[in-house]
Amino acid sequence: MVEFVVYWGVIAFFSMLIGGLLAGLKKRDYSFWMAWSFLFPPAIFLLLTLPALSSRPRRPTLDEEDAAEP
């Protein structure tokens, strides 16, 4: 059982790295894809099928988020 946990941890860690690299190459949100690739390693296959974006999406700043709240 311990071996299974260790193998899953190693696979999850390397999936996270690969997911982050692929997301960066495809101009996607790398933190989102790193998290999903760590929690669910087959998410890398979904990322591989997605097309590359023309520009990286910009996250709003904290000031912009605060101004948007009612």
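## Salt bridges, core and surface patches

The structure holds two salt bridges (a side-chain nitrogen of Lys or Arg within 4 Å of a carboxyl oxygen of Asp or Glu). This is a predicted model, where local features need pLDDT of at least 70, side-chain atom pairs count only at pLDDT 80 or more, and totals for chains, interfaces and linings use all residues. Residues are numbered from 1 along each chain as its sequence is written, and side-chain values use heavy atoms, with hydrogens and water left out.

User: Which residue forms a salt bridge with Asp29?

Analyst: Asp29 is partly exposed at a relative accessible area of 27% (buried is under 20%, exposed over 50%, partly exposed in between, with a 1.4 Å probe and protein chains only). Asp29 sits in the loop between α1 and α2 and its partner in the loop between α3 and α4, so the pair ties together parts 30 residues apart in sequence. Helices here are DSSP runs (H or I, at least four residues), numbered from the N terminus, while strands are E runs of at least two. With the closest N and O atoms 2.7 Å apart, the partner is Arg59.

User: And how far apart are the closest N and O atoms of Glu64 and Arg58?

Analyst: Glu64 counts as partly exposed, at 37% relative accessibility. Arg58 is exposed, at 62%. For this salt bridge, the closest N and O atoms are apart by 3.4 Å.

User: Which helix gives the largest share of the largest nonpolar core?

Analyst: That core has six residues, Leu22, Ala23, Trp33, Ala43, Ile44 and Leu47 (a core being buried Ala, Val, Leu, Ile, Met, Phe, Trp, Tyr and Cys joined through side-chain atoms within 4.5 Å). Both α1 (2–25) and α3 (43–49) supply at least two residues each. The largest share, three residues, comes from α3.

User: What is the area of the nonpolar surface patch that includes Leu17?

Analyst: Leu17 lies in helix α1 and is partly exposed at 35%. Patches take residues with over 30% relative accessible area and no salt bridge, joining nonpolar side chains (Val, Leu, Ile, Met, Phe, Trp, Tyr) within 5 Å and like charges within 9 Å. Areas come from the Shrake-Rupley method with a 1.4 Å probe, and for residues only the protein chains shown count as cover. Together with Val2, Val6, Val10, Phe13, Phe14 and Ile18, Leu17 makes a patch of about 620 Å².

User: Which residue with a positive phi lies in the loop between α1 and α2?

Analyst: The residue is partly exposed, with a relative accessible area of 35%. Phi is near 55°, and the residue is other than glycine: Lys27.
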